[in-house]
Amino acid sequence: MTLIDKTFVEVFGQTPSVIAAAPGRVNLIGEHIDYSDGFVLPFAISDRTYAAIRIRDDRKIRIASVQRRHKIVEVNLDSVTPNYIGEWERYPLSVVWALEIAQGLDIMIDGNVPLGAGLSSSAALECSVATALNHLFSLGHSLEDLARLTQKGENDFVGVPCGIMDQSVSLMAHVGSALLLDCRDLTTKNVDFDVASHGLELLIIDTQAHHSLTDGGYAERRASCESTTRKIGISTLRDLTLNQLHASRDLLTETEFIRVRHAVTEMSRVLQAVEALENKDFHLLGQLLNQSHASLRDDYTVSCPELNVAVEAALSAGALGARMVGGGFGGSAIALIEARNTADTISSIETAFVNSNFKAPRFFTSLPSQGAEIIMRA
Ligand code: GLA
């Protein structure tokens with residue numbers, strides 16, 4: 001439960017007009033292909049971020065959070081431009097900017113999506129604010145519009161070159177299902193993801209290793225994909241087969257070749273994973289997770305020692321499959337395990353981290369949860 005409405009009154013002296021919630025995500029499979037128009041298969045986790053908002057009758061935006069209740073950030077709407085320099089409030093402000101809101105607001109945020117764990121706490125924050133504003137101003141944006149607008153805010157206002165996956169799943173996910181998202185046109189299909197009734201569990205391992213998409217590694221990967229499409233003369237990697245990639249090898253640098261090999265093979269793994277889930281073939285799903293990890297580690301080179309140790313330790317403890325998730329360079333891994341092995345798997349990973357002198361990891365599990373929703377309207 002959130003205390004957001006009480007804190008809103010304490011801090012802003014009035015009640016909020018709307019409260020919206022939006023979840024973080026894990027990505028089952030389909031990594032680093034959202035910006036190449038690929039298919040991805042994420043699901044929303046139960047942890048969510050809440051945004052409570054009230055319209056003001058001036059041009060002030062005041063933002064606070066339950067976690068930092070005494071620190072109100074106050075900004076005039078005229079300063080809400082991509083030149084804005086600030087801290088975490090850049091994320092809610094990016095949404096105010098992208099949705100072209102022209103009135104002052106009081107905004108209170110509360111959230112329990114783990115920060116910096118690669119579970120898309122930023123998308124959860126953006127989508128909670130976007131959902132609340134869409135309702136409050138009767139903007140009538142579809143979920144697809146909101147995904148594109150929040151992505152635009154993150155790209156152009158915050159300056160993070162993310163793709164469309166995280167915002168889409170935070171907005172569009174359904175309880176009990178992974179979301180097959182076609183990043184070309186944002187069409188979706190819900191794919192039943194009920195591992196529990198098969199005695200399985202999806203363990204989320206937060207390696208606590210730092211990751212930042214602004215460090216340049218993410219942009220560099222995107223650039224390799226884009227230069228390849230230019231050299232081969234296609235508009236997107238979605239249109240490329242593995243055979244065509246091999247046939248074009250001489251046009252490409254070795255780095256471009258292996259990056260794009262990841263993208264092309266990962267796109268086909270996503271569709272195979274959907275089939276595996278539809279057939280309840282969790283062993284095949286596990287193998288696809290392993291292949292995805294190897295490809296991200298060796299071809300896309302976005303893994304890191306902590307993620308590799310987490311994956312290897314989970315597999316040694318009997319996991320059906322495991323892989324890094326999200327942008328990489330730290331953050332979280334997932335492991336598909338027998339539910340009865342959860343404690344043993346956790347302890348094997350903990351031991352492996354101690355032996356490698358890594359910071360202690362954190363563990364979560366989550367069933368696929370609902371996407372963004374309005375939870376209170378005045
Ligand atoms: C981050 C980005 C997403 C996606 C993943 C990698 O989470 O925000 O758009 O590119 O990395 O799959």
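How far apart do the C-alpha centres of domain 1 and domain 2 lie? They lie 26 Å apart, with the domain bounds coming from an automatic or database domain assignment. The contact between them takes 37 residues from domain 1 and 44 residues from domain 2, where contact means heavy atoms within 4.5 Å. Domain 1 covers 3-190 + 369-377, and domain 2 covers 193-365.

A word on the model before we go on. This is a predicted model, in which local features need pLDDT of at least 70, side-chain atom pairs count only at pLDDT 80 or more, and totals for chains, interfaces and linings use all residues. Residues are numbered from 1 along each chain as its sequence is written, and side-chain values use heavy atoms, with hydrogens and water left out.

**The whole protein**

The protein holds 11 helices and 12 strands; these are DSSP runs (helices H or I, at least four residues; strands E, at least two), numbered from the N terminus. Its C-alpha trace spans about 60 × 50 × 40 Å along the principal axes. The radius of gyration is 21 Å, which agrees with the value near 21 Å for a compact globule of 378 residues. That radius is taken over C-alpha atoms, and the globule rule is 2.2 Å times the number of residues to the power 0.38.

Of the 378 residues, 58% count as buried. Here buried means under 20% relative accessible area, exposed over 50%, and partly exposed in between (1.4 Å probe, protein chains only). Among contacts with a separation of 6 or more, 73% come from residues 24 or more positions apart. As for charge, there are 32 positive and 46 negative side chains, and the centres of the two sets lie 3 Å apart. Lys and Arg count as positive and Asp and Glu as negative, while His and the chain ends are not counted; each charge is placed at NZ of Lys, CZ of Arg, CG of Asp or CD of Glu.

**A few residues to look up**

Here are some residues with their accessibility.

| Residue | Location | Relative accessibility |
|---|---|---|
| Ser224 | helix H6 (residues 217-232) | 7%, buried |
| Glu338 | strand E10 (residues 332-338) | 24%, partly exposed |
| Lys280 | loop between helix H8 (254-278) and helix H9 (282-298) | 35%, partly exposed |
| Asn357 | loop between helix H11 (342-355) and strand E11 (362-365) | 72%, exposed |

Which residues does Ser224 touch, leaving aside its neighbours within four places in sequence? Ser224 is in contact with Thr255, Glu256, Arg259 and Val260. With the same kind of neighbours set aside (those within four places in sequence), Glu338 is in contact with Gly199, Leu200 and Leu320. Arg62 is 276 residues from Glu338 along the chain, and their C-alpha atoms are separated by 47 Å.

The two loop residues in the table are worth a look at the backbone. Lys280 has a positive phi of about 55 degrees although it is not a glycine. Asn357, also a residue other than glycine, has a positive phi near 60 degrees.

Asn357 also leads us to Glu306, which is found in helix H10 (residues 305-316). These two residues are 51 residues apart in sequence and 9.9 Å apart in space, C-alpha to C-alpha. Beyond its neighbours within four places in sequence, Glu306 is in contact with Thr207, Ala209, Phe353 and Phe358.
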